[in-house]
Amino acid sequence: MNSICSLVTGLNRVLFLVAAALIFAVVPMLLFEVVARYAFDAPTVWAMEASTLVFGPHFMLAGPYLLHLKGHVAVDIFSDKLHGRAKAVSDVFTYLVVAVFAGVFAVVSWPLAINAYGMGETSFSAWNPPIWWLKFIVPFAFAMLFAQAVVEILRTVFPTENTIGADA
């Protein structure tokens with residue numbers, strides 16, 4: 001069980017690093033757009049849309065590992081005061097809510113991705129790139145968030161010295 005938990009967290013860490021690297025693609029795109037627009041009075045039809053299309057996967061792929069790092073926004077005015085078993089119960093409940101939410105979204109978004117692929121969906125803009133493949137990131141990212149939430153539940157219920165902070 002510990003090796004599966006480490007595998008899920010490790011894969012989410014790799015996805016997190018890929019997402020972090022994606023942001024480095026956005027800066028040159030927007031810089032090119034600004035220079036083209038203001039220095040040469042020749043705006044592009046693709047730069048703003050391409051940067052928007054990169055931001056979606058950036059946030060979706062980073063989310064599961066951020067759950068592991070406890071990097072999401074949290075209202076912890078009550079949970080910070082809890083200790084021991086009460087803290088564990090609170091954490092399990094929170095991760096269970098995340099797991100249900102992510103599981104439902106993964107299941108619901110899968111047919112939408114399949115439909116987008118079947119239609120060869122594009123953005124319908126002046127640039128009009130194919131975007132159907134981006135739609136598959138949504139169910140994949142939610143499935144990984146679901147898996148990470150289950151891992152965090154297991155690590156809370158069955159804490160061992162090997163799992164506490166092992167993947168951080």
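Start by selecting Trp-132 in this predicted model: with a relative accessible area of 28%, Trp-132 is partly exposed, because that value lies between the 20% under which a residue is buried and the 50% over which a residue is exposed.

Keep Trp-132 on display and add Phe-136, which is likewise partly exposed, at 22% relative accessibility. The ring centres of Trp-132 and Phe-136 lie 6.4 Å apart and the ring planes stand at 90°, so this is an edge-to-face pair.

Next, select Trp-110, a partly exposed residue with a relative accessibility of 44%. A search of the whole structure finds 10 aromatic pairs, and in the pair of Trp-110 with Phe-136 the ring centres are 5.5 Å apart and the planes meet at 75°, so that pair too is edge-to-face. Following the chain from one partner to the other shows that the pair links distant parts of it, since Trp-110 sits in helix H3 (residues 84–119) while Phe-136 sits in the loop between H3 and helix H4 (137–157), 26 residues apart. Add Tyr-117 to the selection, and the view then holds one aromatic cluster formed by Trp-110, Tyr-117, Trp-132 and Phe-136.

Now turn to two other helices, and select H1 (residues 2–40) together with H2 (residues 47–69), which pack with their axes 8 Å apart and at an angle of about 155°. Because angles over 145 degrees count as roughly antiparallel, H1 is described as roughly antiparallel to H2. The crossing in which H1 passes H2 is left-handed. Finally, colour the residues of the contact of H1 with H2 by character, and they divide into 20 nonpolar, 5 polar and 2 charged.

Technical notes: Residues numbered from 1 in each chain as written. Predicted model: local features only at pLDDT ≥ 70, side-chain atom pairs only at ≥ 80, totals over all residues. Heavy atoms only, no water. Phe/Tyr/Trp six-rings, centres within 6.5 Å; stacked < 30°, edge-to-face > 60°. Helix = DSSP H or I, 4+ residues; strand = E, 2+ residues; numbered from the N terminus. Buried < 20%, exposed > 50% of the residue type's maximum accessible area, 1.4 Å probe, protein only. Axes fitted to C-alpha atoms, helices over the stretch in contact; angles between N-to-C directions. Parallel < 35°, antiparallel > 145°, perpendicular 65-115°, else oblique. Left-handed = near helix turned anticlockwise from the far one by under 90°. Nonpolar A, V, L, I, M, F, W, Y, C, P; charged D, E, K, R; others polar.
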